[in-house]
Amino acid sequence: MRELLDLQQQLVPDLMDRMKKRYRVLHQVMLSDSIGRRTLATSLSMTERVLRAETDFLKAQGLLEIHSSGMRITDAGRRLLEELEPLFRTMFGLSELEEKIRRHFDLKQVVIVPGDSEASPRTKRELGRAGCQALRKALGKDDVVAVTGGSTLAQVANQFSSPTPLKSNWFVPARGGLGESLDYQANTIASTMAKRTGAQYRLLHVPDHLGEEAYLSLMQEPNVREIVEVIRSARIVVHGIGDAMVMARRRRVDDSVVEALKADGALAEAFGYYFDRNGSVVHKMLTAGLRLEDIMTTEVVIAVAGGRSKAEAIAAVMKFGHDDVLVTDEAAAKEIAALIDAEERE
């Protein structure tokens with residue numbers, strides 16, 4: 001495939017450019033559900049005149065519908081995008097980038113979506129869609145899935161679906177989350193995934209961080225102990241990754257702990273643990289739910305995180321070495337690749 005693309009690029013470079021342009025138009029319309037020509041032209045950095053010619057062609061091919069309220073992709077256009085996706089991942093260089101990161105961190109799979117999810121809400125939505133695909137691929141009958149909180153996991157939850165009800169599956173929060181924004185709590189994300197797929201769910205109504213006395217007391221409660229046992233039995237964990245300092249501030253961690261995190265070189269936070277650039281755990285918060293030892297024995301661990309500024313944090317958690325699948329965006333992937341190159345030069 002790569003050799004064929006190289007030959008085509010030499011013989012008919014204008015054809016490849018046209019294919020890329022039309023793919024981008026269709027892909028952006030799909031992400032937007034419905035979008036006006038001016039907004040689409042701005043998001044693709046095209047003039048409206050150039051875009052009009054492309055959308056008129058795509059409409060004539062039955063791939064787009066154009067209404068006064070905006071443009072929508074047709075079922076035929078959606079199917080075409082799905083069939084073309086492997087080809088265009090190669091054309092945009094994402095396949096090589098995925099393989100480079102997969103090999104370096106010894107992962108089973110890396111999925112990269114185009115763009116920067118920090119700069120584009122549409123890219124963040126696409127990141128969530130890719131996370132859904134990774135989860136569906138891993139999900140089996142009777143599986144328990146533990147999910148963390150955060151805005152990226154909320155995107156996964158809001159797009160997760162199944163053609164048939166997942167009556168034998170359970171979705172549970174990986175940890176407590178009271179005190180976080182309701183939309184981004186692990187409880188909310190677990191219940192949303194279950195309701196959208198006809199699955200079952202359990203919730204953990206405890207604070208995200210606990211003092212030792214409160215933790216020991218809560219763990220004596222039969223109801224809490226029962227749901228925690230279900231959480232720790234999860235075959236699949238889906239989690240986000242945050243910048244250590246951002247997450248510490250968001251969770252109102254004591255100033256003394258923040259200073260300790262800085263001194264220890266904490267870069268990343270995931271499932272209540274803080275990691276340095278070498279992937280070593282430098283701090284953990286006492287929380288009901290998944291423990292590090294549970295993560296280390298979980299069969300499938302899927303990380304969904306993107307954004308240029310999170311590259312170091314993502315790399316740090318990947319170095320921890322217990323993730324199987326990474327779903328990220330192009331901006332973060334390029335920065336991670338640069339970090340890999342810098343390491344290999346040292």
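**View 1. The largest pocket and the residues around it.** In this predicted model, the largest pocket is lined by 33 residues. If you want to find the middle of the pocket, look for G150, I241, M247, R250 and K310, which lie nearest its centre. The pocket's volume comes to about 490 Å³. Several pieces of the chain help build the lining: α7, α8 (151–159), β8 and α12 (244–250) each supply at least two residues. Keep α7 and β8 in mind, as both come back in later views.

**View 2. Helix α7, from one end to the other.** Helix α7 takes in residues 121–138, which makes 18 residues. From its first C-alpha to its last it reaches 26 Å, close to the 26 Å expected at 1.5 Å a residue. Which residues of α7 are buried? They are T123, E126, L127, G128, A130, G131, C132, A134 and L135. Besides its share in the largest pocket, α7 also supplies at least two residues to the lining of the largest cavity, shown next.

**View 3. A cavity inside the protein.** The count here is 1 cavity of 30 Å³ or more. The largest cavity has a volume of about 70 Å³. Its lining is made of Y23, H27, E85, F88, R89, F92, L94, P114, E126 and R129. Which helix gives the most to this lining? That's α5, with 3 residues. Helices α2 (13–32), α5 (75–91) and α7 each put in at least two residues. You've already met one of the lining residues, E126, among the buried residues of α7.

**View 4. E54, a buried residue in helix α4.** Look along helix α4 (residues 48–60) and you'll come to E54. Is E54 buried or exposed? It counts as buried, because its relative accessibility is 5% and the cut-off for buried is under 20%. Leaving aside neighbours within four places in sequence, E54 is in contact with R18, K21 and R22.

**View 5. The parallel sheet of 7 strands.** Here 7 strands form an open sheet, in the order β3-β13-β12-β7-β4-β5-β6, and the pairing is parallel. At the edges stand β3 (109–113) and β6 (200–201); each has a single partner strand, so one side of each is left without a neighbour in the sheet. Over at the β6 edge, β5 (residues 170–173) and β6 pair in the parallel sense over 2 bridges. To spot the match-up, find W170, which stands opposite Q200 in β6. Helix α11 (residues 222–232) lies across β4 (144–147) and β5, and runs at about 110 degrees to β5.

**View 6. Strand β13, covered on both faces.** Strand β13 spans residues 325–329, and 5 of its 5 residues are buried. In a regular strand, side chains alternate between the two faces of the sheet. In β13, V325, V327 and D329 are on one side, while L326 and T328 are on the other, and all are buried. What about its partners? β3 and β13 pair in the parallel sense over 5 bridges, with Q109 opposite V325. On its β12 side, 3 bridges join the two strands, which also run parallel, and here I302 is the residue opposite V325.

**View 7. G306, a buried glycine in a loop.** Follow the chain from β12 (300–304) towards α15 and you'll find G306 in the loop between them. Why does G306 count as buried? Because its relative accessible area is 6%, and buried means under 20%. Not counting residues up to four places away in sequence, G306 touches S117, L127, I314, T328, D329 and A332. Among these contacts are T328 and D329, which belong to β13 from the previous view. G306 and A333 are 27 residues apart in sequence, yet 8.1 Å apart in space, C-alpha to C-alpha.

**View 8. The antiparallel sheet of 4 strands.** This open sheet has 4 strands in the order β8-β9-β10-β11, and the pairing is antiparallel. Its edge strands are β8 (242–243) and β11 (281–284), each pairing on one side only. Helix α15 (residues 311–320) packs on the sheet, touching β8, β9 (268–270), β10 and β11. The direction of α15 makes about 60 degrees with that of β9. How many bridges pair β10 with β11? Strand β10 (residues 273–275) and β11 pair over 3 bridges, in the antiparallel sense. Y273 is a handy residue to look for, since K284 in β11 stands opposite.

Technical notes:
Residues are numbered from 1 along each chain as its sequence is written. This is a predicted model: local features need pLDDT of at least 70, side-chain atom pairs count only at pLDDT 80 or more; totals for chains, interfaces and linings use all residues. Side-chain values use heavy atoms; hydrogens and water are left out. Two strands pair if DSSP finds at least two bridges between them. Contact means heavy atoms within 4.5 Å. Axes are lines fitted to C-alpha atoms, for helices over the stretch in contact, and angles run from 0 to 180 degrees between N-to-C directions. The expected span of a helix is 1.5 Å times one less than its number of residues. Buried means under 20% relative accessible area, exposed over 50%, partly exposed in between (1.4 Å probe, protein chains only). On a 1 Å grid over the protein atoms alone, a cavity is a set of points where a 1.4 Å probe fits but cannot get out, and a pocket is an open set with protein on both sides within 12 Å along at least five of seven lines; lining residues have an atom within 4 Å of a point. Grid points are joined across faces, edges and corners, and a volume is the space filled by probe spheres set on the points.
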